[in-house]
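Subject: Structure handover

Hi,

Here is the structure for you to look over. Please open it next to this email as you read.

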Amino acid sequence: EFFPRRENEEAGLALRANENFYYALSIRGRESGERELALVARVRGRTRTVACAALGAGAVELEVSADERGYDFAVHTRGKHVKLGRLEARALSAESVMASGQSYFTGTYFALYATGRGRRATVPADFDWFEYKAVE
């Protein structure tokens, strides 16, 4: 559960190799005071918003499914399952990161996060649970 009051407030789930290579599925505030879902890709230090969708009231479940070729990003909200997009796994691989001249040690990892993007956040992000499971 996360109900941002300001445009700078954001919380979500990130797949991160390092600061210049990550994907993030998040809930963030909008100028209108409403919430939105966003799928953001940062590769080689360049950030692009892949998908955005308005988000109404209520709890949200963030979901990432992966296979050897890519990551599928989706959300569950108010009984609906909404797919936001698919991004390639290769962009976060050791080969891609190291080819850009950056070090790469831990591999890609999943992380829950909340931020005020450089400003003090006014509301907490409440993550009830996180589950990681292999699907065969």
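Below are the findings, grouped by topic. One caution before them: this is a predicted model.

**Aromatic pairs**

There are three aromatic pairs in the structure. One of them joins Tyr23 and Tyr71. Their rings are edge-to-face, 6.1 Å centre to centre, with 75 degrees between the planes. This pair links distant parts of the chain. Tyr23 is in strand β2 (residues 21–29), Tyr71 is in strand β6, and 48 residues separate them in sequence. Tyr23 is buried, at 2% relative accessible area. Tyr71 is buried as well, at 10%. Together with Phe73, Tyr23 and Tyr71 make up one aromatic cluster.

Another pair is Phe110 with Tyr132. It is edge-to-face too, with 5.8 Å between centres and 75 degrees between the planes. Phe110 lies in strand β8 (residues 109–115) and Tyr132 in the segment after β8, so the pair ties together parts 22 residues apart in sequence. Phe110 is partly exposed, at 29% relative accessibility. Tyr132 is exposed, with a relative accessible area of 65%.

**Around Tyr71**

Strand β6 spans residues 70–77. What does Tyr71 touch, leaving aside residues up to four places away in sequence? Its contacts include Leu15, Tyr23, Val64, Leu92 and Thr108. The run Gly85, Arg86, Leu87, Glu88 and Ala89 is also among them. For Tyr71 and Arg86, the C-alpha atoms are 5.5 Å apart, although the two residues are 15 residues apart along the chain.

**Salt bridges**

How many salt bridges does the structure hold? There are eight. Side chains of opposite charge can pair when their charged atoms come close.

Glu10 and Arg117 meet through their side chains at 2.9 Å, N to O. Glu10 lies in strand β1 (residues 10–18) and Arg117 in the segment after β8, so this salt bridge ties together parts 107 residues apart in sequence. Glu10 is buried, with a relative accessible area of 12%. Arg117 counts as partly exposed, at 41%.

Glu36 takes part in salt bridges with Arg28 and with Arg30. To Arg28, the closest N and O atoms are 2.7 Å apart. To Arg30, the N to O distance is 3.9 Å. The cut-off is 4 Å, so the Arg30 contact counts as a salt bridge. Glu36 and Arg28 are both buried. For Glu36, the relative accessible area is 12%. Arg30 is partly exposed, at 31% relative accessibility.

There is also a network of salt bridges. It links Asp67, Glu68, Arg69, Asp72 and Arg86. Arg86 is also a contact of Tyr71.

**Surface patch**

Which residues make the nonpolar surface patch of about 430 Å²? They are Leu112, Phe127, Phe130 and Tyr132. Phe127 lies in the segment after β8. Phe127 has a relative accessible area of 34%, so it counts as partly exposed. Tyr132 is the exposed partner in the pair with Phe110.

**Helix α1**

Ser96 sits in helix α1 (residues 94–99). Is Ser96 buried or exposed? Ser96 is buried, because its relative accessible area is 12% and the cut-off for buried is under 20%. Leaving out residues up to four places away in sequence, Ser96 touches Phe21, Arg44, Arg90 and Ala91.

Best wishes

Definitions and conventions: Residues numbered from 1 in each chain as written. Predicted model: local features only at pLDDT ≥ 70, side-chain atom pairs only at ≥ 80, totals over all residues. Heavy atoms only, no water. Helix = DSSP H or I, 4+ residues; strand = E, 2+ residues; numbered from the N terminus. Buried < 20%, exposed > 50% of the residue type's maximum accessible area, 1.4 Å probe, protein only. Contact = heavy atoms within 4.5 Å. Phe/Tyr/Trp six-rings, centres within 6.5 Å; stacked < 30°, edge-to-face > 60°. Patch = residues over 30% accessible without salt bridge, like charges linked within 9 Å, V, L, I, M, F, W, Y side chains within 5 Å. Areas by Shrake-Rupley, 256 points an atom, 1.4 Å probe, with all protein chains shown as cover.
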